[in-house]
Amino acid sequence: MSNNPNWRLEPERYELNAPPAYYFEVDRREFFKFLGAGVLVFCVLKDGRGLQESGTRKRPQGESLPNEIGAWLHLGENGEVTVYTGKVEVGQNIRTSLSQAVAEELRVPVDKIHMVMGDTKLTPYDMGTFGSRTTPTMNLQLRKVAAAARDLLIGLAAAQWQVDRRRLVAANGKVTDTQSKRAVEYAALLKGQQFTQAIPAEDPLIPATQWAVEGQSLRKVDGLDFVTGKHRYPSDQKLPDMLHGKILRPPAFGATLVSLDTHDAEKMRDVAIVRDGNFVGVTAPTVEIASRAIAALHAEWKSEPQPSNKELFEYLKKNPAGGEDRAEYEIGSVEKATASADHRLQQTYNVSYIAHAPLEPRAALAQWSGDNLTVWTGTQRPFGVRSELAEAFRIPEDRVRVLMPDTGSAYGGKHTGETAIEAARLARAAKRPVKLVWTREEEFSWAYFRPAGVIDVRSGLRKDGTILAWEFHNYNSGAAGIRTFYDIPNQRIQFHETRSPLRQGSYRALAATANHFARESHMDELAHLVNIDPLEFRLKNLKNERLRGVFEAAAKKFGWGRKKTAAGQGFGMGGGFEKGGNVATCVEVAVDRSSREVKVVRVVTAFECGAIVNPDNLRNQIEGANVMGLGGALWEAIEFENGRILNGRFSDYRVPRFSDVPVLETVLLDRKDLPSAGAGECPMIGLAPAIGNAVFDAIGVRAVTLPIRIEPLPA
Amino acid sequence: MAKIPLNVNGSVYDVDADADVSLLSVLRDHLDLTGSKYGCGEGQCGACTVLIDGNPRRSCITQVGSVGNRRITTIEGLVQDGRLHPLQQAFLDEDAMQCAYCTSGMIMSSVALLKTHPNPSESEIAHFMEGNICRCGTYPRIVAAIQKAAKAMKEASQ
């Protein structure tokens, strides 16, 4: 299960197995040297892949660094600490939390630390920033590297002073002799010398109970650059001589280009047109001229008829993908147990496609220098995008450099490199740097979506509330969080791959949101079937102490069990665990009985992810996950027809706004005895079922769809 | 194409652009003021918000030719004499951001809000800021930052 460190890549990360976006026609380190004097420490992983996520289409080639290096840092003779990690910053604030990890172990102020992130030339190979893996893996590796650097510095001081190293302590960028009280700055120990050390991943670390910097609420380390508008996101990058690019988009998914009349566009000044197979793009000195040139192209496309969202769920059930069904789990005999049950329940849950809609759309700036390509782009997988570029242009990976400036959010939606490839293709033709920023409409249509799905649940229980049988089938939406954490002796759990009318892929929390919605809605329905309070019913069937802990904490803070005070008021709960975190969410709703409009009034979230690294940032992530989760729970659904997206703009696609925000209360359970887990995803999974269950409590109608849609009462 | 004079953050520029080009493009691509962001191109998300004569305007749907000689203020123009605007400071203090792509627009809208509502309630803030989207969901922190800045500005003026 997902608490297991050897977890596999979930099947719903469809985008990672997709074929390349374009097939272009064939056309045609010296590492560490630049650093100078100081201390260099790098972390050697026992199994380079073991701590990474595996399963993409192929191993990278032409690495500039061995795969076994997880992270490294350099302490220069000027006292500056530079940390190198392939992880990237998309708003989850790991630039801050990783700085804290280094500061903690190296004993230097946070503002002395410079983080180099997601630059394929400078940072160690990394599969990508996803799956809530930064805190459990990179945070640990950097702590180990920093601790080793600290030990090395203490050793240097001990040798210089000819004293026992056990007398020496490191603090605030200095080594101090506790007996003689003399002290030396780290930088002074390093003058003109270079030390390189590789460390295994097993060095002792400062336990969470003794943390001084970690465990504290540190604000975003480079916040000043953001409140002043100085930070350059990928879409803000520019180079001298740069052109702007635009792509001609087909009228339907999967369309092929039959003919292209470029006559009018060719007459436009400073416009160049690039056609390569189905790829058609233009470059121009400004975005506006490029847009006009695209509008002046006359193209004829051919496409096949495609299903619409109206027949989506039927389509998914009827179109198996043919592959083996994965993530199967079976114990006992569901059939026998169901036959002996006092109550049986069957329910189907439908989950729509939704869009990530990161506020910064995909963007890339590409520059060729001979056969060498450099691309600045917003991606959660700079090394993956490097592979995609190398493949698209048939060049070795060591000729491609991808840089990832801190990006305007992603939520699992920026794992792929299509924009980078498009910009690079245009730049190759133009022989000048080209920037391409997708429009909001392009982002809504040509990115990938969170998978839609159908979930069938069948269960049987005794009248005392003991669940005997549990059968759970997820069609297409995914296998993350598919296993039940309730203790049920007879289970059959299956993920079914199906064909998908739309391009789909990872989304924050993956299918854990859909699977928890189905499971926790079903649990509520079972509780009502035997007239047991939903909290009591859960605890009766649940042994896991960490989960019991969050359910009890959320219920206590919420005041679970109190009487309703108004018509249309309802209370509900939902929870579970994912990616090493445990969450329980209690919700109060107000439902308008005639319009069936649901207003979420109050949300109480109890969350536990081991030892907390940065409490305020954790609250920020939990609040954000709840706010984002409101959209998928109540409004967001992609509408499509015949290969076109019908509601691909913010005026048509309803995302959470200021007035939607309920009272949000967060209870943090800090388990300093447990390793820290990531927290970007798990906190959102309890919200949707808690809302659905609260709606039932309010008006007696079951929510079985995401987004939750309750048909108006018959007149 | 004609020379269009623009008054931005106290300086006057002559911009070579067609009158129907968006103010956002001119700010970002001609004047290299990239603090104002593109988010939707239809005035729905607020990431491109600037002040025109003190009023909040969506620069992505404002044609540059329509601005005339009115004063434009962008996020880059908020710092005065090296000091952050109280709203910039409050956003920092409350950590009212995650990816922060919406932050410029949020701050510019808030500046306008506090001009007309120096002591806004939570619901007044929500109503006024409804057109600004934060996909990371930091809305409660932004509300707290606005109220904190309101208090600081009130105290500073006393």
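1. Buried area, as used here, is the accessible area (1.4 Å probe) that two parts lose on being put together, summed over both. With that in hand: this is a predicted model, and between chain B and chain A about 4400 Å² is buried, with carbon and sulfur atoms giving 51% of that area. In residues, the contact draws 57 from chain A and 50 from chain B.

2. Now for the polar side of the interface. There are 35 residue pairs in polar contact across chain B and chain A, counting pairs with both residues at pLDDT 80 or more. On the chain B side, the elements giving two or more residues are helices H1 (23–30), H2 (86–93), H3 (103–116), H4 (122–129) and H5 (139–157). H5(B) has the largest share, at 5 residues. By class, the chain B side that touches chain A splits into 25 nonpolar, 13 polar and 12 charged residues.

3. On to the charges. Side chains of opposite charge can pair when their charged atoms come close. Over all chains, the whole structure has 54 salt bridges, and the count between chain B and chain A is 9. If you want one residue to click on, try Asp32(B): Arg232(A) makes a salt bridge with Asp32(B), with the closest N and O atoms 3.0 Å apart. Lys238(A) also forms a salt bridge with Asp32(B), here with the closest N and O atoms at 2.9 Å. This Lys238(A) pair crosses between chains: Lys238(A) sits in the loop between helix H4 (223–227) and S9 of chain A, while Asp32(B) is in the loop between H1 and strand S3 (49–52) of chain B.

4. Have a look at the second largest pocket too, with its volume of about 740 Å³. It has 29 lining residues, and those closest to its centre come from both chains: Lys246(A), Val287(A), Glu288(A), Ser25(B) and Tyr38(B). Elements that give two or more residues to this lining are strand S9 (243–247), helix H6 (287–295) and strand S19 (434–437) of chain A, plus H1 of chain B. The lining of this pocket has 11 nonpolar, 10 polar and 8 charged residues.

5. What is the volume of the largest cavity? It comes out at about 620 Å³. The cavity is lined by 38 residues, and nearest its centre lie Gln92(A), Ser132(A), Gln621(A), Ala679(A) and Gly680(A). Helices H1 (94–106), H2 (134–161) and H15 (615–634) of chain A are the elements that give two or more residues to the lining. H15(A) gives the most, with 3 residues. The class split for this lining is 15 nonpolar, 19 polar and 4 charged.

6. Two backbone details in chain A to finish. Leu706(A) and Pro707(A) are joined by a cis peptide bond, with omega at about 0 degrees. Pro707(A) belongs to the segment after strand S29 (705–706) of chain A. The other spot is Asn172(A), a residue other than glycine with a positive phi, near 50 degrees. You'll find Asn172(A) in the loop between strands S5 (168–171) and S6 (174–177) of chain A.

Methods. Residues numbered from 1 in each chain as written. Chains lettered and ligands numbered in written order. Predicted model: local features only at pLDDT ≥ 70, side-chain atom pairs only at ≥ 80, totals over all residues. Heavy atoms only, no water. Contact = heavy atoms within 4.5 Å. Salt bridge = Lys/Arg side-chain N within 4 Å of Asp/Glu carboxyl O. Polar contact = N/O pair within 3.5 Å; in protein donor to acceptor, adjacent residues only side chain to side chain. Helix = DSSP H or I, 4+ residues; strand = E, 2+ residues; numbered from the N terminus. Nonpolar A, V, L, I, M, F, W, Y, C, P; charged D, E, K, R; others polar. 1 Å grid on protein atoms, 1.4 Å probe; cavity = no way out; pocket = protein on both sides within 12 Å on 5 of 7 lines; lining within 4 Å. Points joined across faces, edges and corners; volume = space filled by probe spheres on them.
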